[in-house]
Amino acid sequence: MSVQPRLLPWNGTNGQPCYLVPGEEGTGHVSKLADEMEAFHLRMATELLGHALDLLGNPKAEVEELRFLSNRMVEALRDVLRIAESRGLRLDPSKGDEDAGRDQGSEAGG
């Protein structure tokens with residue numbers, strides 16, 4: 001039985017993506033830790049979105065505040081996209097290769 005590797009929500013020591021080949025149950029220690037980290041990232045993104053709505057609605061917001069917010073939003077978006085990629089690959093492993101090829105073709109002007 002082939003098991004689809006799981007993209008973990010953290011990078012390795014050289015900044016490379018980390019993958020886990022889970023057991024049949026998918027309930028090991030590293031899987032649980034990854035689930036907890038994903039939940040944390042999603043909660044933080046939700047809280048940041050609320051803060052962003054408040055700050056962007058303030059006409060007196062300082063440039064430094066907006067720059068700080070923008071940087072945190074980029075980090076949160078990166079985390080959420082990684083979670084979406086990981087979960088999407090686990091839903092339908094065959095879709096990952098098809099989507100990657102389609103994305104590369106559109107970037108090349110095709």
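**Figure 1. Overall fold of the predicted model.** The secondary structure of the protein consists of 3 helices and 2 strands. The coordinates are those of a predicted model. From the N terminus onward, the elements follow the order β-β-α-α-α. Of the 110 residues in the protein, 21% are buried. The exposed surface amounts to about 8300 Å², and carbon and sulfur atoms supply 56% of this area. Taking contacts between residues at least 6 apart in sequence, 49% join residues that are at least 24 apart.

**Figure 2. The largest nonpolar core.** This core has 7 residues in all: A45, L48, A52, L55, A61, L69 and A76. Helices α1 (29-56) and α2 (63-91) each supply at least two of its residues. The largest contribution is that of α1, with 4 residues. One member of the core, A61, is in contact with L55 and L66 when neighbours within four places in sequence are left aside.

**Figure 3. Surroundings of A45.** A45 is part of helix α1 and belongs to the largest nonpolar core. Its relative accessible area is 19%, and A45 counts as buried because this value is under the 20% cut-off. Not counting residues up to four places away in sequence, A45 touches A76 and V80. A45 and A76 are 31 residues apart along the chain, and their C-alpha atoms are separated by 5.4 Å. A76 is also listed in the largest nonpolar core.

**Figure 4. Surroundings of H41.** Helix α1 also contains H41. With a relative accessible area of 15%, H41 is buried, because buried means under 20%. Leaving aside neighbours within four places in sequence, the contacts of H41 are P9, D79 and I83. Of these partners, D79 and I83 fall within the range of α2 (63-91).

**Figure 5. R72 and the ring of F68.** The view shows a charged group placed over an aromatic ring. The charged end of R72 sits over the ring of F68, at 4.5 Å from the ring centre. This distance is within the 6 Å allowed for a charge over a ring. Both R72 and F68 have numbers inside the range of helix α2 (63-91). As for pairs between aromatic rings, the count for the model comes to 0.

Definitions and conventions. Residues numbered from 1 in each chain as written. Predicted model: local features only at pLDDT ≥ 70, side-chain atom pairs only at ≥ 80, totals over all residues. Heavy atoms only, no water. Phe/Tyr/Trp six-rings, centres within 6.5 Å; stacked < 30°, edge-to-face > 60°. Lys NZ or Arg CZ within 6 Å of the ring centre and 35° of its normal. Buried < 20%, exposed > 50% of the residue type's maximum accessible area, 1.4 Å probe, protein only. Contact = heavy atoms within 4.5 Å. Areas by Shrake-Rupley, 256 points an atom, 1.4 Å probe, with all protein chains shown as cover. Core = buried A, V, L, I, M, F, W, Y, C linked by side-chain atoms within 4.5 Å.
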